[in-house]
Amino acid sequence: DKVVKNDEGLFFIVFFCYFCAYQCFLNIMARKFLLTFILLISCLNVAHAQFEEGKWYLNTSLTGLDLSHSKYEGTNFGFQVATGTFVLDNLSILVNFKGEYVENGMDETSVGAGARYYLSSCGLYGGLGLAYKHLSNSVNRKDLVCLTPELGYAFFLNGTITVEPAVYYDLSFSNCSEYSKLGFKIGFGFY
């Protein structure tokens, strides 16, 4: 009794399974790409009209979201309110207030001012500002001045409301390694 191996049949089955999986992957990726492209195109015309000179802006953001990190902090959660106006097309000036609870460190209260430049063709923005921070816990108190760059995206839900995820970095001018912070925030903008 001889056992006959059928390597060609096994190769065909493996190849067919690989081909089907690859086609499914391409189909999923094509759908995601198409959806992203349609969403981007649909917000291009809306975005341009909102970044015009003279428009007012209000933003409320949740900061931290367990995604910010610095040397001494654990879990943190904060809330930020910013408001401003567009002084030129695509360029806004803002003032903001932020409060943040920090589990293993010092709670933060800050007041700041800055500017944002929007790419009207797609909703991407970059911002730069200065903030005065007061950090405190039951033992210590510390006052800092920070440079606050951010990079984000204004995704328009309709003509006046946006969802705005952003990455920010608070660069402390004193004790940079101890008090600087990289984080993520998400907010709602009202134009």
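A nonpolar patch of about 750 Å² lies on the surface of this predicted model. Its members are Leu58, Leu62, Phe77, Phe79, Val81, Leu157, Ile186, Phe188 and Phe190. Three elements each give two or more residues to the patch: strand 1 (56–63), strand 2 (76–88) and strand 10 (181–190). One of the patch residues, phenylalanine 79, is located in strand 2. Phenylalanine 79 counts as partly exposed, because its relative accessibility is 40%, a value between the limits of 20% and 50%.

The surface of the protein as a whole amounts to about 11,800 Å², and 69% of this area comes from carbon and sulfur atoms. Of the 191 residues in the protein, 32% count as buried.

**Overall architecture**

The secondary structure consists of 2 helices and 10 strands. Read from the N terminus, the order of the elements is α-β-β-β-β-β-β-β-β-β-α-β. When contacts between residues at least 6 apart in sequence are considered, 54% of them join residues at least 24 apart.

**Pairing of strands 2, 3 and 4**

Strand 2, which contributes to the nonpolar patch, also pairs with strand 3. The table sets out this pairing beside that of strand 3 with strand 4.

| Strand pair | Sense | Bridges |
|---|---|---|
| Strand 2 and strand 3 (residues 91–102) | antiparallel | 12 bridges |
| Strand 3 and strand 4 (residues 107–118) | antiparallel | 10 bridges |

Individual residues illustrate these pairings. Threonine 83 has valine 95, in strand 3, as its bridge partner. Serine 92 is placed opposite arginine 116 of strand 4. Strand 2 and strand 3 form a hairpin with 2 residues between them, and asparagine 90 in this turn has a positive phi of about 75°. Strand 3 is in turn connected to strand 4 by a hairpin of 4 residues.

**Cysteines and the absence of disulfides**

A disulfide is a covalent bond that links the sulfur atoms of two cysteines. How many disulfides does a search of the whole structure find? The search finds 0. Why does cysteine 146 not form such a bond? The closest cysteine sulfur to that of cysteine 146 belongs to cysteine 176 and is 9.0 Å away, which is too far for a bond, since the two sulfur atoms would have to lie within 2.5 Å. For cysteine 176, the closest cysteine sulfur is likewise that of cysteine 146.

Are these two residues buried or exposed? Cysteine 146 counts as buried because its relative accessibility is 0%, whereas cysteine 176, at 37% relative accessibility, counts as partly exposed.

Note on methods:
Residues are numbered from 1 along each chain as its sequence is written. This is a predicted model: local features need pLDDT of at least 70, side-chain atom pairs count only at pLDDT 80 or more; totals for chains, interfaces and linings use all residues. Side-chain values use heavy atoms; hydrogens and water are left out. Buried means under 20% relative accessible area, exposed over 50%, partly exposed in between (1.4 Å probe, protein chains only). Contact means heavy atoms within 4.5 Å. Accessible areas come from the Shrake-Rupley method with a 1.4 Å probe; for residues, only the protein chains shown count as cover. Patches are made of residues with over 30% relative accessible area and no salt bridge: like charges are joined within 9 Å, nonpolar side chains (Val, Leu, Ile, Met, Phe, Trp, Tyr) within 5 Å. A salt bridge is a side-chain nitrogen of Lys or Arg within 4 Å of a carboxyl oxygen of Asp or Glu. Two strands pair if DSSP finds at least two bridges between them.
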